[in-house]
Amino acid sequence: MGGQTIAIHSEDEASEFEALSTEYINVNFLKVDVDEQKSIAATYEVSAMPTFTFFKNGEKLNQVVGADIAKVEQLLKTYTTDNSALSSEELKAAGNKAFSAGNHPVAIKYFSDAIAKDPKNHVLYSNRSASYTSIKDYSKALTDAEECIKINPGWAKGYSRKGAALHGLAKYQEAIDAYNKGLEIEPNNTATKKSLEEAKALIRDDSDAEDGTGLGNLFGGDILSKIAGNPKLSPFLAQPDYVQKIAEIQKNPNNINLYMQDPRIMNTMLSLMGMDGATAMGRDEMDAQIREDAKMEEVKEDIKPAPAKPREGAKRKSPEPMEVDEEIADEEKEKKNKRAASDKAKEAGNALYKKRAFTEALAKYNEAWELDDTNFAVLTNKSAVQFEMGDFDACIKTCDDAVEKGREQRADYKLIAKAFARMGSAYQKLSDLPSAIKYFEKSLSEHRTPDVLTKLREVEKLQKAADKEAYRDPALADEARELGNDLFKKHNYADAVKHYTEAIKRNDRDPRNYSNRAACYIKLMALPEADKDCEEALKLDPSFVKAYVRKASILLAKRDWMKAIDACNEAKEKDVEKKHGVEIDSVLMKAYAGLNEVQSGASREEVLENAMKNPEVQEIMADPVMKSILQQMQEDPAAARDHMKNPDVAAKIRTLINAGIIQT
């Protein structure tokens, strides 16, 4: 956790402390010897050893006094826990619990995390202000109180928080003004009345004290001239922070209590009282103190001084102990009651939905929404009923409202995804496939589930088929095929392929489009593509003779003579009208010529040697069953007819004939 530091002000618990440092690697651990660094002990009020102090981004979070390693580890877990999965209400509840247990720094952390999720919730600022007041960090308490008032200026408790913070800062008149403002809104608030009276009493005490010899009054008049005329004090005027403190004391004499620990202010005060002698800190001592402070500059880089305390006196009191607003505000109570009533109506609707009593369920969901229009789950349930009732437009509208409300409330992304998925299903029912795809994709971007992914794939297939059907136009397909034919005759096969492809897109039910493109692929020697087109043509029309002729031509190009011969014979069987006899015979003659060339164009040894280079031939010749069959065929040629009845054996024999192993 970036910026988080734990300091131990002792050497005693070193081993256990170091063990924690190896476990919590994202926390910076620092050991400080308070005997050597007394200024740090004073700044952070270390009065016992060991003392463990927690900081984050320079801010003091908590402190454990004594060798309570278990408590140290508990706080480490609290400060390093990721609360991102919790809702603002859950974080607020955790903060309230920590506050009630007196663990105010932890309460502040929970309230801060809740504010990050819901920055417009005035109660969260009020609760954090109360927590800051409890640890006497009045400046931050005031900031939160003012933010609470800014968000909800009509809430009396915000002014009470502001008054308490101003009270702690000793700004009693401003505190009185804040308390009075709260009482204007809520006149009968007993706690605010009591705080108002205490602030008034303190103002009276201050008036009595300042009639005499208040120390702050020493700094009245032309104090800077007096300091400049004092050789011991004049060097301080070159230090901006010193001049600023003098100005603050002049502005409010009570501020002297904030700076009494500054040796420069103490020496100034003693000099102004005429006590320059024994009781004043000498220049050398102050220089030594400044050097000591400079040594710790690196340590203080991560450490922010605790808030200065206001002037203490016998009659000075801190504000009364605060209480966080769990559900104190009437509006908060009302919200809780509304949600409870809404949930009850929603559960009744759920029960009716399960019974498929959709009309009654819808009425209950409407009632639940009227009771609490922030109950996001009601809308998703209502949309399910509308979907089942076939009111898809209403379902889409309800889901859209649910997403909007869910975004406002930072709802679980899974619930947002569910609403988007239902919108997708509703659009699918309305045959608006592009919108269905859009919302299924939105659902998956929120939360990826196999069910929605399957629905998306199905709709995409439907959309592809719809696009394909919309593009279909047999007349335009014929025009494209004719353009391809013209280019084929001109031997421009590549461009011809483009037109045949367009013809297929326009009409994929005409086998001629596939067959003609196969002819182009053969010329371009794209034999696998040509073979696929022939198969597509035969799927559309098993008696399409041209496709068989094209297949035979492909086999010729592959020099698979026997299969080419078989394809030609099959083409002849399909050519019942004898329209393609010349074309078939042409391919058949080429196949026989190729086969003859293999069997007689070289010596027997060369033919066998070349044939055995073919892996398919090698596999056949190594097969013991085929060896036996070939032996029988040599001894009894008539046995070949019986073996050729077996399709697998016949295919292997054709391969051997094609390779020249068997001569016909």
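In the UniProt record, an unreviewed entry, the feature "repeat: TPR" is listed for residues 88–121, 156–189, 417–450 and 477–510. The coordinates examined here belong to a predicted model, and two of the listed spans were characterised in it. Residues 88–121 are 79% helix and 0% strand, with the C-alpha atoms at the two ends lying 9 Å apart. For residues 477–510, the helix content is likewise 79% and the strand content 0%, and the end C-alpha atoms are again separated by 9 Å.

At the level of the whole protein chain, the secondary structure amounts to 34 helices and four strands. The chain has 664 residues, of which 42% count as buried, and its exposed surface comes to about 36000 Å², with carbon and sulfur atoms supplying 51% of that area. Among the contacts with a sequence separation of 6 or more, 57% are accounted for by residues 24 or more positions apart.

One buried polar residue was considered in its local setting. Aspartate 533 is placed in helix α26, which spans residues 527–540, and it counts as buried because its relative accessibility of 4% falls under the 20% cut-off. When residues up to four places away in sequence are set aside, aspartate 533 touches Tyr514, Arg517, Ala518 and Tyr521. With arginine 517, one of these neighbours, the side chain of aspartate 533 forms a polar contact of 2.7 Å.

Two loop residues were examined for their backbone geometry. Methionine 525 is located in the loop between α25 (511–523) and α26, the latter being the helix that holds aspartate 533. The phi angle of methionine 525 is near 60°, a positive value in a residue that is not glycine. Methionine 525 counts as exposed, because its relative accessibility is 51% and the exposed class begins over 50%.

Arginine 559 occupies the loop between α27 (545–557) and α28 (561–574), and its phi angle, too, is positive and near 60° in a residue other than glycine. The relative accessible area of arginine 559 is 47%, a value between the limits of 20% and 50%, and the residue is therefore classed as partly exposed.

How values were computed
Residues numbered from 1 in each chain as written. Predicted model: local features only at pLDDT ≥ 70, side-chain atom pairs only at ≥ 80, totals over all residues. Heavy atoms only, no water. Buried < 20%, exposed > 50% of the residue type's maximum accessible area, 1.4 Å probe, protein only. Polar contact = N/O pair within 3.5 Å; in protein donor to acceptor, adjacent residues only side chain to side chain. Contact = heavy atoms within 4.5 Å. Areas by Shrake-Rupley, 256 points an atom, 1.4 Å probe, with all protein chains shown as cover. UniProt positions renumbered as here; feature names shortened; annotations may be inferred.
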